[in-house]
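Here is a short briefing for a reader new to this structure. Look over the sequence and the 3D view before reading the points.

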Amino acid sequence: MASKRLKECLKAGCRELSYEAYCVKHRQYIDNTYNRDRSDKMYVDFYNTNEWKQLSRNYKREKKYLCENCMKNYKNVNGDYEIVYGDIVHHMVPLKEAWSSRLDKNNLKLLCNSCHAAEHARLRNKHT
């Protein structure tokens, strides 16, 4: 079973605890921002291609459905890794910056929802 840990919301100044990257209050704001960034028809069409769906499915299987960030960064008190399942195949270099790498497995990372939200928050902060 996937273990989840309570952590502070990633929204600046919010101290609410959540199992996800953002608390209930800020999750909708983040979803709206993320979806606004994905509103370009070219990107939406790409994510609906059989090519992407097959690559995404195979990548998840190859990574045993485990979040790569959580496996890399988190150990429990016994020194074992916490098991957190990955939901989202993420492009490390965004499609807007590297369209030609959209099907390159070296540009992919399997992330849980929390790590994916944190990664996009980090990218937004980097570009502001």
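Helices here are DSSP runs of H or I with at least four residues, numbered from the N terminus. With that naming, Lys 64 sits in the loop that links helix H3 (50-62) to helix H4 (68-73). The model is predicted. Two places are covered below: the loop between H3 and H4, which also holds Tyr 65, and the surroundings of Cys 9, in the loop between strand E1 (7-8) and strand E2 (17-18).

**The loop between H3 and H4**

- Lys 64 is not a glycine, yet its phi is positive, at about 60°.
- Lys 64 has 59% relative accessibility. It counts as exposed because that value is over 50%.
- Tyr 65 also lies in the loop between H3 and H4.
- The phi of Tyr 65 is positive and near 60°, and this residue is not a glycine either.
- Tyr 65 has 38% relative accessibility, so it counts as partly exposed.

**Cys 9 and its contacts**

- Cys 9 belongs to the loop between strand E1 (7-8) and strand E2 (17-18).
- Is Cys 9 buried or exposed? Cys 9 is buried, because its relative accessible area of 5% is under 20%.
- Leaving out residues up to four places away in sequence, Cys 9 touches Cys 14, Glu 16, Ala 21, Tyr 22, Cys 23 and His 26.
- One of these contacts, Cys 23, is 14 residues from Cys 9 along the chain. The C-alpha atoms of Cys 9 and Cys 23 are separated by 5.3 Å.

Conventions:
Residues numbered from 1 in each chain as written. Predicted model: local features only at pLDDT ≥ 70, side-chain atom pairs only at ≥ 80, totals over all residues. Heavy atoms only, no water. Buried < 20%, exposed > 50% of the residue type's maximum accessible area, 1.4 Å probe, protein only. Contact = heavy atoms within 4.5 Å.
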